[in-house]
Amino acid sequence: MNKVILKVGGMSCSACSNHVEKYLQKQKGIIEASVNLVMGQALVTYDETLTLNDLKKYIEETGYEYLGVYDEAKENEQQEKITPLIVLSILGILLMYISMAPMFNLPTLKFLNNHFNPLGYGLALALLTIPYLIYGIDILKKGLKNIFKRSPNMDSLVALGVIFAFLYSLYGLIMIMLGKVEYSHNLYFESSAIVILFIKLGRFIEAKATGKTKEALKELVQITPAKAYLKIGQDIKEVTIDEVKKDDILVCRPYEKIAVDGFIVKGKTHIDEAFITGESKPSKKIKGAQVLAGSLNMEGYIEYKAVKIGKDSLISEIVHLVMEATSTKAPVAKL
């Protein structure tokens with residue numbers, strides 16, 4: 001039995017995560033699957049008959065994007081860029097003003113006022129809406145795609161609303177061109193634009209919030225050093241953590257961090273383990289004492305034997321437990 005946390009892209013609401021979760025649970029060889037919408041991850045427990053390529057295929061069959069296995073050391077925060085949001089927010093104020101100003105008798109330019117120039121008014125709204133449709137093309141494509149896959153979600157609702165509001169307004173604009181100026185009161189271009197803007201803004205805020213959780217995990221992972229000092233006979237060689245093997249003898253000098261979990265075979269010192277224990281006072285360590293990756297050697301020279309390396313270390317186990325906890329649903333959440 002294997003367990004893995006996979007990154008899934010494109011999920012935007014609980015209907016998305018529920019669809020992925022239910023689809024995975026139906027597949028032969030998958031023992032259990034739990035999808036976390038907020039973190040964009042799927043915790044999958046599967047047997048030996050399946051491979052990661054099979055899991056990739058299953059996720060892609062749901063219509064969402066397979067982004068690989070979650071790796072806390074290489075995780076990069078992906079979120080909406082703020083620059084287009086700022087630009088389109090400013091543009092949105094202009095769009096709303098052009099659309100709503102005549103209703104409240106606010107000052108407007110004559111060629112943008114539907115009472116004096118219905119065609120200019122309609123064309124201005126239509127042209128200002130196009131950048132929003134381009135910006136939200138991912139929402140529209142996913143929404144329509146999920147309708148055809150018979151698993152509509154929030155994107156589907158947004159896509160239908162935006163597309164029909166735009167098409168109806170486009171019809172109204174054509175009627176204005178044909179001389180029926182009363183259709184200038186039935187243009188809803190700004191609705192299409194502002195709905196997309198609000199959805200994107202909401203996702204940006206959500207990404208910032210979840211990004212803080214991910215950043216906390218990154219900081220936890222980065223506590224451990226990237227390099228270690230391996231003792232080979234009487235020589236000491238600097239190596240990367242990946243090169244360290246179980247039972248290797250490593251060296252740690254004052255004010256250096258312990259590279260992997262192990263136990264002291266030579267020397268004595270005081271080690272700061274506050275990041276794990278919360279104890280501000282350094283712990284005394286003598287021969288035979290356990291040392292943890294990421295803890296800081298405060299004074300003495302020690303040699304220690306590697307026992308748990310990389311993903312097997314205590315700090316990595318803590319990260320995985322946190323990730324599993326966020327990917328596991330409570331009974332009330334499942335209900």
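Modeller: A crossing of two helices is left-handed if the near helix is turned anticlockwise from the far one by less than a right angle, and right-handed if clockwise. The model discussed here is predicted, with local features needing pLDDT of at least 70 and side-chain atom pairs pLDDT 80 or more, while totals for chains, interfaces and linings use all residues. Residues are numbered from 1 along each chain as its sequence is written, and side-chain values use heavy atoms, without hydrogens or water.

Biologist: What makes up the protein, in helices and strands?

Modeller: The protein has 10 helices and 13 strands. Both are DSSP runs numbered from the N terminus (helices H or I, at least four residues; strands E, at least two).

Biologist: How many of the 335 residues, as a percentage, are buried?

Modeller: Of the 335 residues, 44% are buried, the term standing for a relative accessible area under 20%, with exposed over 50% and partly exposed in between (1.4 Å probe, protein chains only). The accessible surface of the protein is about 18,400 Å², and carbon and sulfur atoms account for 61% of that surface. This area comes from the Shrake-Rupley method with a 1.4 Å probe.

Biologist: Why is helix 3 called roughly antiparallel to helix 4?

Modeller: The axes of helix 3 (residues 82-100) and helix 4 come within 10 Å and cross at roughly 155°. The label roughly antiparallel is given to angles over 145 degrees (under 35 is roughly parallel, 65 to 115 roughly perpendicular, the rest oblique). The crossing angle therefore makes helix 3 roughly antiparallel to helix 4. Axes here are lines fitted to C-alpha atoms over the stretch in contact, with angles from 0 to 180 degrees between N-to-C directions. Helix 3 passes helix 4 in a left-handed crossing.

Biologist: Which residues meet where helix 3 and helix 4 are in contact?

Modeller: Contact means heavy atoms within 4.5 Å. From helix 3 the residues include Leu 85, Leu 88, Leu 95 and Ile 98, and from helix 4 they include Tyr 121, Leu 125, Leu 128 and Tyr 132. By class, this contact has 13 nonpolar, three polar and no charged residues. Nonpolar covers Ala, Val, Leu, Ile, Met, Phe, Trp, Tyr, Cys and Pro; Asp, Glu, Lys and Arg are charged; the others, Gly among them, are polar.

Biologist: Why are helix 4 and helix 6 called roughly antiparallel to each other?

Modeller: The axes of helix 4 (residues 118-135) and helix 6 (residues 154-177) come within 10 Å and cross at roughly 155°. Set against the cut-off already given, that angle means helix 4 and helix 6 are roughly antiparallel to each other. Helix 4 also passes helix 6 in a left-handed crossing. The contact involves residues including Leu 119, Leu 123 and Ala 126 of helix 4, with Val 162, Phe 166 and Leu 173 among those of helix 6. The residues of this contact are 10 nonpolar, two polar and no charged.

Biologist: What makes helix 4 oblique to helix 5?

Modeller: The axes of helix 4 and helix 5 (residues 137-148) come within 4 Å and cross at roughly 60°. That angle lies in none of the three named ranges, so helix 4 is oblique to helix 5. Leu 133, Ile 134 and Tyr 135 of helix 4 meet Ile 137, Asp 138 and Leu 140 of helix 5. The classes here are five nonpolar, no polar and one charged.

Biologist: Why is Asn 105 called exposed?

Modeller: Asn 105 lies in the loop between helix 3 and helix 4. Its relative accessible area of 71% is over the cut-off for exposed, so Asn 105 is exposed. Phi of Asn 105 is near 55°, a positive value in a residue other than glycine. Most residues other than glycine have a negative phi.

Biologist: What makes Asp 247, Arg 253 and Met 154 partly exposed?

Modeller: Asp 247, in the loop between strand 6 (235-240) and strand 7 (249-252), has 47% relative accessibility and therefore counts as partly exposed. Arg 253, in the loop between strand 7 and strand 8 (261-266), is partly exposed because its value is 29%. Met 154, found in helix 6, is partly exposed because its value is 30%.

Biologist: Which residues is Arg 253 in contact with, leaving aside neighbours within four places in sequence?

Modeller: They are Tyr 229, Asn 297, Gly 300 and Tyr 301. Arg 253 and Tyr 301 are 48 residues apart in sequence, with their C-alpha atoms 4.7 Å apart.
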